[in-house]
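Good morning, and thank you for joining. I would like to take you through one structure this morning, pausing at the helix contacts, the DNA and a few points of the backbone.

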Number of protein chains: 2
Amino acid sequence: MVRRRIEIKPIEDKAKRHTTFTKRRQGLMKKAKAFATDFEAEAAVITFSKAGNLFGLGHPSVDSLLDRYLAEPSSQLATETAINGAEKRIGEGVESGRWDLAVGDLGLEELGEVAAEVEKIKRTVVARAAEIAAAEGKNSPGEFSGAGSTIE
Amino acid sequence: MVRRRIEIKPIEDKAKRHTTFTKRRQGLMKKAKAFATDFEAEAAVITFSKAGNLFGLGHPSVDSLLDRYLAEPSSQLATETAINGAEKRIGEGVESGRWDLAVGDLGLEELGEVAAEVEKIKRTVVARAAEIAAAEGKNSPGEFSGAGSTIE
DNA sequence: AGGCCTATATATAAGGT
DNA sequence: TACCTTATATATAGGCC
C-alpha cells in the first residue's frame with residue numbers, strides 16, 4: 001500500500017515477504033487491541049501463516065474469547081467436514097471410563113489430555129449438527145454477526 | 001483518529017458511538033481478510049461488543065480456524081476463572097448417561113444441547129488446568145506466537 | 001532481526017444528503 | 001438508516017542502519 005505508485009506484483013520474495021508479513025500482522029493485532037479497548041469490547045485474532053505458525057492476540061485473552069464463542073448458538077453451525085461415526089466415538093469415550101476420574105487429582109498435563117478428548121467429542125457432535133444444518137439448506141458464511149442482546 | 005486535531009474525549013455517545021463501532025469493526029475485518037489473502041494465510045477475528053453481540057470473520061472460516069487452534073498445544077493454557085467442583089460435575093455428566101445416546105438419532109436442537117453440555121465439561125477441565133498453571137507461576141499473555149513449522 | 005524514516009495508501013470522524 | 005465527501009490520522013513498503 002505504499003511508496004510504489006503501482007505494486008501489481010503479487011509479491012517479491014523471501015526475506016522481504018517475511019518482513020512485510022510480520023509488520024502487517026503486528027498492525028492487525030494492534031488494531032484489534034485498540035478496537036477492543038476503545039469500545040470496551042472483547043476481541044481476538046488468530047492467524048496461521050502458510051508455514052503453519054500460529055499467532056494470536058486476545059483482549060482480554062484468546063482463550064476467554066473462544067470459550068465465550070463456543071458457548072454461542074452460532075458456533076453450532078461449524079463449517080467442518082462431515083463426520084460419521086459420532087455415536088461410536090461418544091460410546092467409546094464413556095466406556096473408557098475416563099470422565100469419572102477425579103479431576104482434582106490430575107496434573108496439568110493429564111488435564112490437558114482430558115480437555116483435548118472432551119473437545120474431540122464436542123467437535124464430533126458439532127460436526128454432526130453442521131451436517132444436519134447443511135442438509136436443511138443453511139450455510140456458514142465467512143462473516144457473521146449474531147445477536148446476544150439489544151444494542152451494538 | 002480524524003477531523004478533530006484533538007479528540008481526547010473518551011467517547012461521544014449513543015448513535016455516533018455505534019456508527020463508529022460498526023465502521024471500525026468492518027475495517028478490522030477487512031484488514032484481516034486482506035492479510036489472509038495477501039499471504040495465503042488463515043485468519044479469524046471474533047469480537048463481542050459491550051452489549052454482548054457477536055461478530056466474526058474467518059478466512060477460510062472462523063470454525064475451521066478455531067478447530068485448528070484448539071488442536072494446538074498453546075490452547076491448553078486457558079485463562080478462565082477458577083472452578084472448583086470439577087470432578088463432581090464430570091461425575092454427574094457421566095452418570096446422567098447422556099453421552100451414550102446415539103448421536104445419529106438426535107435432531108439439530110438436541111445436538112446443540114449435547115454440544116453445550118460437553119463444552120461445559122471441557123471448560124471446567126480447562127479452568128482447573130488454568131488454576132494449576134497459575135499456581136505454578138505461569139500466566140497467559142494476551143498475545144502469543146507458537147511455532148508450528150520452521151518459517152514465518 | 002529489530003528499529004527508524006519518509007512518502008504514500010488506507011482508514012476513518014464528522015458532517016452532509 | 002444508509003450512502004457520499006472531506007480532512008486528517010494511521011498503517012505500511014521500501015530504504016537505511
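**Helix contacts, DNA and backbone**

Let me begin where the second helices of the two chains come together: A:Val62, A:Asp63, A:Leu66, A:Tyr69 and A:Leu70 of H2(A) meet B:Val62, B:Asp63, B:Leu66, B:Tyr69 and B:Leu70 of H2(B). By class, eight of the residues in this contact of H2(A) with H2(B) are nonpolar, none is polar and two are charged. Please keep in mind throughout that this is a predicted model.

How are these two helices arranged? Helix H2 of chain A, residues 62-70, packs against helix H2 of chain B, also residues 62-70, at an angle of about 125 degrees, and their axes are 12 Å apart. An angle of that kind falls outside the ranges for parallel, perpendicular and antiparallel, and H2(A) and H2(B) are therefore oblique to each other. The crossing of H2(A) past H2(B) is left-handed.

I turn now to the first helices. H1(A) and H1(B) pack with their axes 10 Å apart, at an angle of about 160 degrees. Because angles over 145 degrees count as roughly antiparallel, H1(A) is roughly antiparallel to H1(B). H1(A) also passes H1(B) in a left-handed crossing.

Which residues make this contact? From H1(A) they are A:Arg17, A:Phe21, A:Arg24, A:Arg25, A:Leu28, A:Lys31, A:Ala32, A:Ala34, A:Phe35 and A:Asp38. From H1(B) they are B:Arg17, B:Phe21, B:Arg24, B:Arg25, B:Leu28, B:Lys31, B:Ala32, B:Ala34, B:Phe35 and B:Asp38. The contact of H1(A) with H1(B) comprises ten nonpolar and ten charged residues, with no polar ones.

Next, the DNA. Around DNA strand C there are 18 residues, of which A:Met1, A:Val2, A:Lys31, B:Val2 and B:Thr20 come nearest. A:Lys31 deserves a second mention, as this residue also belongs to the contact between H1(A) and H1(B). A polar side-chain atom of A:Lys31 lies 3.0 Å from a sugar or linking oxygen of DNA strand C.

Two lysines of chain B should be added. For B:Lys30, a polar side-chain atom lies 3.0 Å from a phosphate oxygen of DNA strand C. For B:Lys23, the partner is a base nitrogen of DNA strand C, with a polar side-chain atom of the lysine 3.2 Å away.

Which elements give two or more residues to the surface near DNA strand C? They are helix H1 (15-38) of chain A and helix H1 (15-38) of chain B. The largest share, seven residues, comes from H1(B). Taken by class, this surface has eleven charged, three polar and four nonpolar residues. On the DNA side, 67% of the atoms of strand C within 4 Å of the protein belong to sugar or phosphate, and the rest to bases.

Finally, the backbone. In chain A, the peptide bond that joins A:His59 and A:Pro60 is cis, with omega about 10 degrees. A:Pro60 sits in the loop between strand E2 (54-59) and H2 of chain A. In chain B, the bond from B:His59 to B:Pro60 is likewise cis, with omega near 10 degrees, and B:Pro60 is placed in the loop between strand E2 (54-59) and H2 of chain B.

One further residue concerns the loop between H1 and strand E1 (42-48) of chain A, where A:Glu40 is found. A:Glu40 has a phi near 50 degrees, a positive value in a residue other than glycine. Thank you for your attention.

Methods. Residues are numbered from 1 along each chain as its sequence is written. Chains are lettered from A and ligands numbered from 1 in the order in which they are written. This is a predicted model: local features need pLDDT of at least 70, side-chain atom pairs count only at pLDDT 80 or more; totals for chains, interfaces and linings use all residues. Side-chain values use heavy atoms; hydrogens and water are left out. A residue is near a molecule or strand if one of its heavy atoms lies within 4 Å of it. A polar contact is a pair of N or O atoms within 3.5 Å; within protein, one must be able to donate a hydrogen and the other to accept it, and residues adjacent in sequence count only if both atoms are side-chain atoms. Helices (H or I, at least four residues) and strands (E, at least two) are DSSP runs, numbered from the N terminus. Ala, Val, Leu, Ile, Met, Phe, Trp, Tyr, Cys and Pro count as nonpolar, Asp, Glu, Lys and Arg as charged, and the others, Gly among them, as polar. Axes are lines fitted to C-alpha atoms, for helices over the stretch in contact, and angles run from 0 to 180 degrees between N-to-C directions. Angles under 35 degrees count as roughly parallel, over 145 as roughly antiparallel, 65 to 115 as roughly perpendicular and the rest as oblique. A crossing is left-handed if the near helix is turned anticlockwise from the far one by less than a right angle, and right-handed if clockwise. Contact means heavy atoms within 4.5 Å.
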